[in-house]
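Visitor: I should like to learn how to read pockets, sheets and a disulfide in a structural model. May we take one feature at a time?

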Amino acid sequence: MRVGWLAGGVVWMLAVAVLAQSPLEKEKQKPQEGAQSPAASGSSTGGVFAPVLDAQKRVITAGGFVASGPVVFEDVAGKAGLTVWRHTMGSPEKKYIVETNGSGVGLIDYDNDGWLDIYLVNGSTAGAMTGKQAAPHAALFHNNHDGTFTDVAAKAGVTNDRWGVGVAVGDYDNDGWPDLYVTNFGKNRLYHNNHNGTFTDVAVKAGVVLGNWSTGATWGDYDGDGKLDLFVPGYVHYDMSAQPEPGGSAVSYSFCQFRGEKVMCGPHGLPGEPDHLFHNNGDGTFTDVSVKAGVADKAGYYGLSAVFVDVNNDGKMDLLVANDSTPNYLYLNKGDGTFEDVSYPSGYALNKDGRETASMGIAVGDYQNNGLLDVYHTTFSDDYKPLYRNDGDANFTDVSYEENIAELTVPFLGWGTAFIDYDNDGWKDLFSVNGHVYRNADKFAWGTTWAQRPLLFRNLQGKKFEPVPAVEGSGLAEVMSSRGMAAGDLFNDGRMDAVVNNMDAAPALLRNVAEESNHWIAFKLVGSGKSPRDAIGATVYLTANGMRQREDVYSGGSYASSSDQRPHFGIGGATKVDKVEIHWPDGVKEEVTPVGVDQFFKVVEGQGIVK
């Protein structure tokens, strides 16, 4: 099977190599002379690049397929019942920035039956905002355990009916039932799980409503009191009554063009929306401590994604914020309720060229299996996507080119992303979904398209990545206008799948059908209360097959989305696990010994593995 896979990859790479002989292709990674400066447009890019075409003269973002080979993903959204729902956001023309960024996905076992359900955030329209049209509904698809899902959003009370952006899953009140925080352009919602299949919006009482443009939120216990706190990045401060357009007074025309063509305006030239950190008071309310904690975004950057995770292995939750067209933030947790901004000295603020990027989504994972969390960012088209290798002590090096994942990504505009071990070989692979924000992208020879195929890079034992060929008819060859993406084991079969929220379209459910015989093991962690009950902030180290892997429990990261929070490990040909160490958020370290593989184990802090 591996030989077949390699043959398919070689054919695909040879096709690209042949194209590289053309004069245009030779210039593809070099900005053209006299090219438009990245700052002279609404989004930061690396410059202007020549188109990359496949053998059929298709733009690589919607082409580059192979006729046959191993299939990794199959889109089963129709079979699963997800295509009865469609995403809606703004007008078809996408004249304004608020219409273009799309919405996220949350994977949540809301009824505690051991199977992941799917929450799909929906957008809205100007007509719905003014009451002239019915509001588009969000969807909550209940997992029926048979490969199908049923939308129960109306019954559950989570239709949102606002201009929806993102979702973060977390059990903020430690009652053992996951809750949903839904970000909007407008007021946000905090849906408290009522334990009976329904939710109640308690955002007003809780004090976490906000009110302009919130994006990819994250839950995490930053102060170690056992209760989840909430960080909400802000994007653009936006006024629907005075929307910016080319030639208008709201923003300079230079921020309303791309490669000399008129496009929607922003984010450059528009005011940024502040970020907010809400401390959990333990009584159902939160207090905004953004300024006191040092994470209020006084610079006014354009926040899109965030994740609480421990990047320097000191047991405290640090904070990563991916900003669009402005420098990224890395806040190190000082352990006294405040954070230190180490964005620039850490190497995380900018890419290797010293440029700010239009960062969209964050993937975190230990791709080298050395115990350190690395970070990958999706960015705008006409720019490579940076992979920040963790060198220890919160020092990061952009190694995207060295690891062989930069060149192919340049024409793509990336959104949702995650490290997933799709073939269960014990090495984390890299998956992302893509789609442009300029509706007229197909009309010009920019080398990019409105709808784009996903990208999957296979990890070659921590040394390099190689692109997985997109076989015609498979999920990797599906051309979509994607935004949010959440990864997880939807079918409890030990394979990592992905749910994709597509602009103005039905979602995709990319089921992992890779023909592999590798083994796996996964865990459902339950904290003691001194640690959050859902164990967000826990780190699991698993030793098997001669490797020591790391998985973290976190909420957020991938653009506006929240993935499976059950640590999943591929263990290759191993039929037993040598050692499992759990570092709980409260500082307790616990070892457990699972008997058997290819199954889920429930671990309760202080009690070990339980039935």
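Guide: Let us begin with the second largest pocket, whose volume is about 400 Å³ in this predicted model. Its lining comprises 25 residues, and D310, G315, K316, W584 and P585 are the closest to its centre.

Visitor: How many residues of each class are in the lining of the second largest pocket?

Guide: A lining can be read by sorting its residues into classes. Here the count is 7 nonpolar, 10 polar and 8 charged residues.

Visitor: What is the volume of the largest pocket, and which residues lie nearest its centre?

Guide: The largest pocket has a volume of about 630 Å³. Its lining has 29 residues, with D109, N112, K524, L525 and R566 nearest the centre. By class, the lining of the largest pocket holds 13 nonpolar, 7 polar and 9 charged residues.

Visitor: Which strands supply at least two residues each to the lining of the largest pocket?

Guide: They are strand 2 (105–108), strand 6 (163–170), strand 31 (519–526) and strand 37 (600–604). Strand 31 gives the most, with 4 residues.

Visitor: How should I read a sheet? In what order do the strands of the open sheet with strands 33 and 36 lie?

Guide: One reads the order across the sheet, then the sense of pairing, then the edges. This open sheet of 4 strands has the order 33-32-35-36, and its pairing is antiparallel. Strand 33 (547–552) and strand 36 (589–592) are the edge strands, each pairing on one side only. From one strand to the next, the twist averages 20 degrees.

Visitor: How many bridges join strand 32 to strand 33, and how many are there between strand 35 and strand 36?

Guide: Strand 32 (residues 539–544) runs antiparallel to strand 33, and 6 bridges join them. One bridge pairs A544 with M547 in strand 33. Strand 35 (residues 579–583) pairs with strand 36 over 4 bridges, also in the antiparallel sense. In that pairing, H583 stands opposite K589 of strand 36.

Visitor: What lies between strand 35 and strand 36 in their hairpin?

Guide: There are 5 residues between these strands, and G587 takes a positive phi near 100 degrees.

Visitor: Along strand 36, which side chains are buried and which are not?

Guide: For this question, one follows the side chains along the strand and notes the face to which each points. In strand 36 they alternate: E590 and V592 point to one face and are buried, whereas K589 and E591 point to the other face and are not buried.

Visitor: What is the strand order in the open sheet that includes strand 1 and strand 28?

Guide: The order in this open sheet of 4 strands is 1-30-29-28, with antiparallel pairing. Strand 1 (73–75) and strand 28 (482–488) are at the edges, and each pairs on one side only. The twist here averages 25 degrees from one strand to the next. Strand 1 pairs with strand 30 (residues 508–512) in the antiparallel sense over 3 bridges, and the bridge partner of F73 in strand 30 is N512.

Visitor: Let us turn to the disulfide. Which residues form a disulfide, and how far apart are their sulfur atoms?

Guide: The structure holds 1 disulfide. C256 and C265 form it, with their sulfur atoms 2.1 Å apart. The link of C256 and C265 is right-handed, with 110 degrees about the S-S bond.

Visitor: Why does C265 count as buried, and is C256 buried or exposed?

Guide: The cut-off for a buried residue is under 20% relative accessible area. C265 counts as buried because its relative accessibility is 0%. C256 is buried as well, with a relative accessible area of 0%.

Key
Residues are numbered from 1 along each chain as its sequence is written. This is a predicted model: local features need pLDDT of at least 70, side-chain atom pairs count only at pLDDT 80 or more; totals for chains, interfaces and linings use all residues. Side-chain values use heavy atoms; hydrogens and water are left out. Two strands pair if DSSP finds at least two bridges between them. Axes are lines fitted to C-alpha atoms, for helices over the stretch in contact, and angles run from 0 to 180 degrees between N-to-C directions. A disulfide is a pair of cysteine sulfur atoms within 2.5 Å. Buried means under 20% relative accessible area, exposed over 50%, partly exposed in between (1.4 Å probe, protein chains only). On a 1 Å grid over the protein atoms alone, a cavity is a set of points where a 1.4 Å probe fits but cannot get out, and a pocket is an open set with protein on both sides within 12 Å along at least five of seven lines; lining residues have an atom within 4 Å of a point. Grid points are joined across faces, edges and corners, and a volume is the space filled by probe spheres set on the points. Ala, Val, Leu, Ile, Met, Phe, Trp, Tyr, Cys and Pro count as nonpolar, Asp, Glu, Lys and Arg as charged, and the others, Gly among them, as polar.
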